[in-house]
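Grab a pencil and keep the viewer open. Below are some exercises, each with a solution that goes step by step.

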Amino acid sequence: MLNSETVKVIEQFKMLEKLEEQSQNYLKQILPIGNAIVLKLTKACNLRCVYCYSCGGENNDLMKVETALKLIDQVAYANKGPISVAFHGGEPLLAKKALKSIVSAVLARPYAYRIRFIIQTNATLIDKEWADYIKKMRILTGVSLDGIQEVNDSLRYDIHGKGSFNHVIGGMNHLKENEIPFGLSTVLTRKNIDNVISILELCKEYKIRNVRFDLFLPFGYGKTHDLAPELDEYLEVNKQMIAWLVEHNKNNPDLSITESNLQGILHNCVNKNERGSMCTSSPCGAGVEHIGLGANGDVYICDLLYGEGNYNLGNINEKSLYQIWVEKKHIFERFQTPHTERVEKCSKCSINTSCFGGCPAQGISFYGEAAWSRESVLCGYYEKIIPYLYSLLDSGIAPELLGVTSKSSCRICTS
């Protein structure tokens, strides 16, 4: 028979459980939980890309399976919709045992049917075994490549300075031979901005349906390099890309190619009242649609801010997701304030219903905390590319040729 003190402890425990349940329900009402999780599975990397924002190869930290599950379980509990779990790094394929263990553990969960796995890889380690596994597990795959061999190898090389191009192509060939669709991701710098059309031609050759050209960010290793292209050059290259995509997609409707960033901006022009991609909307998806997890369990409101102390929300091994959000609510609220309410210039801009104000993480990388009160580093580009897109629409160019339809949902780079 239980004594009075034991009964009292049990009652207190039950009360705490009830309060936690109420807290979780409250959390779902006032603080939406992201449905896109990026796991920085390891910092280990076999490459030393000059601009790597996550400092790949800096150490060999490896995420524990239980750390990943703590976050995934809590997100799945609070979010009853589809959830994507992306493996990132470093190079995630170096964490073979951890990756496969996490996949197996998640697939054994009751919510497994709602999970979509994604991997962003440099592809140099993809062999037949990895290709078979990726296909079997239906893992959406994104490959990183920065241009023709000479240019790519000047930006993405191994610890001995040897270029990665041939190994990346080898990995892409394994994916192609196994009929695994994959996307391509390129970081645009002043070194490779002239390679955009060459990369699109490569996409055509490999039947890649989605490509993403992301502007260089001075985070991580990139802090010591001046690689950002000039905005006028960036604008002209985007116009060339648009012309190439329109022509290609008009002639190859069954093998159309979409560029994610351009698609997101055009979506805002065509569907002003419909939220599009989380990265080209205002407010953005940081914390609402997206959350990052470091190998050691540190939670970041945005994957791009990995390693930036001001945006480390807490550790999932030490606190619940609810506790983390409540304690860092001010950071969450800052990201969820539209740019038109933060920046006077944006509030008065004639295209602010189409422009999303730029990526906050991108602004922080260039301007630090001052980014919150000033226009985007790409403001001059948006001021020109958005009217240009409207002129194309007015001339009769169908937005579908650039991947956008009315109320369309933007595909991710790994589609």
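**Exercise 1. The cores**

Task: Find which residues of the largest nonpolar core touch the most other members.

Solution. Start with the rules: a nonpolar core is a set of buried Ala, Val, Leu, Ile, Met, Phe, Trp, Tyr and Cys residues joined through side-chain atoms within 4.5 Å. Buried means under 20% relative accessible area, exposed over 50%, and partly exposed in between, with a 1.4 Å probe and protein chains only. The largest such core has 107 residues, and Leu39 and Ile301 touch the most other members. Its largest share, eight residues, comes from helix H8 (residues 231-251); helices (H or I, at least four residues) and strands (E, at least two) are DSSP runs numbered from the N terminus. Another core, of twelve residues, lies apart from it, with Cys45, Leu47, Tyr51 and Phe216 among its members.

Now zoom in on Leu39. A contact means heavy atoms within 4.5 Å. Leaving out residues up to four places away in sequence, Leu39 touches Met63, Ala68, Ile72, Val85, Ala86, Phe87, His88, Ile102 and Leu293.

Before going on, a word on the ground rules: this is a predicted model, where local features need pLDDT of at least 70 and side-chain atom pairs count only at pLDDT 80 or more, while totals for chains, interfaces and linings use all residues. Residues are numbered from 1 along each chain as its sequence is written, and side-chain values use heavy atoms, with hydrogens and water left out.

**Exercise 2. Cysteines**

Task: Work out how many disulfides the chain has.

Solution. A disulfide is a covalent bond between the sulfur atoms of two cysteines. The test here is a pair of cysteine sulfur atoms within 2.5 Å. By that rule, the count is zero. Take Cys55: the nearest cysteine sulfur, in Cys52, is 6.3 Å away, and Cys55 is buried at 13% relative accessible area. Then try Cys355: its sulfur is 6.4 Å from the closest cysteine sulfur, in Cys346, which is too far for a bond. Cys355 also counts as buried, at 13% relative accessibility.

**Exercise 3. Two helices with a buried face**

Task: Decide where the buried residues of H15 sit around the helix, and what they pack against.

Solution. First check the length. Helix H15 (residues 379-394) has 16 residues and reaches 23 Å from its first C-alpha to its last, close to the 22 Å expected; the expected span is 1.5 Å times one less than the number of residues. Next, list the buried residues: Cys379, Tyr381, Tyr382, Ile385, Ile386, Leu389 and Leu392. Seen down the axis, these fall within an arc of 135°, so they line one face of H15. The arc is that of the directions from the helix axis to the C-beta atoms. And the pattern of spacing? An α-helix has 3.6 residues a turn, so residues three or four places apart point the same way. Finally, the packing partners of the buried residues are H8, helix H9 (260-270) and helix H13 (344-348).

Task: Repeat this for helix H7 (residues 196-205).

Solution. Val196, Ile199, Leu200, Leu202 and Cys203 are buried in H7. They cover an arc of only 155° around the axis, which puts them on the same side of H7. Their cover includes helix H6 (165-177), strand S5 (182-188), strand S6 (210-215) and H8.

**Exercise 4. Loops and backbone oddities**

Task: Compare Ala123 and Lys207: which is buried and which is exposed?

Solution. Neither Ala123 nor Lys207 is a glycine. Ala123 has a positive phi of about 70°, and Lys207 has one of about 55°. Ala123 is in the loop between strand S3 (115-121) and helix H4 (128-136), and is buried at 0%. Lys207 comes just after H7, in the loop between H7 and S6, and is exposed at 58%.

Task: Locate the cis peptide bonds from Gly89 to Gly90 and from Ser282 to Pro283.

Solution. The Gly89 to Gly90 bond has omega near 20°, and Gly90 lies in the loop between strand S2 (83-88) and helix H3 (96-107). For Ser282 to Pro283, omega is near -5°, and Pro283 is in the loop between H9 and strand S8 (290-293). Gly287 is in that loop too, buried at 0% relative accessibility.
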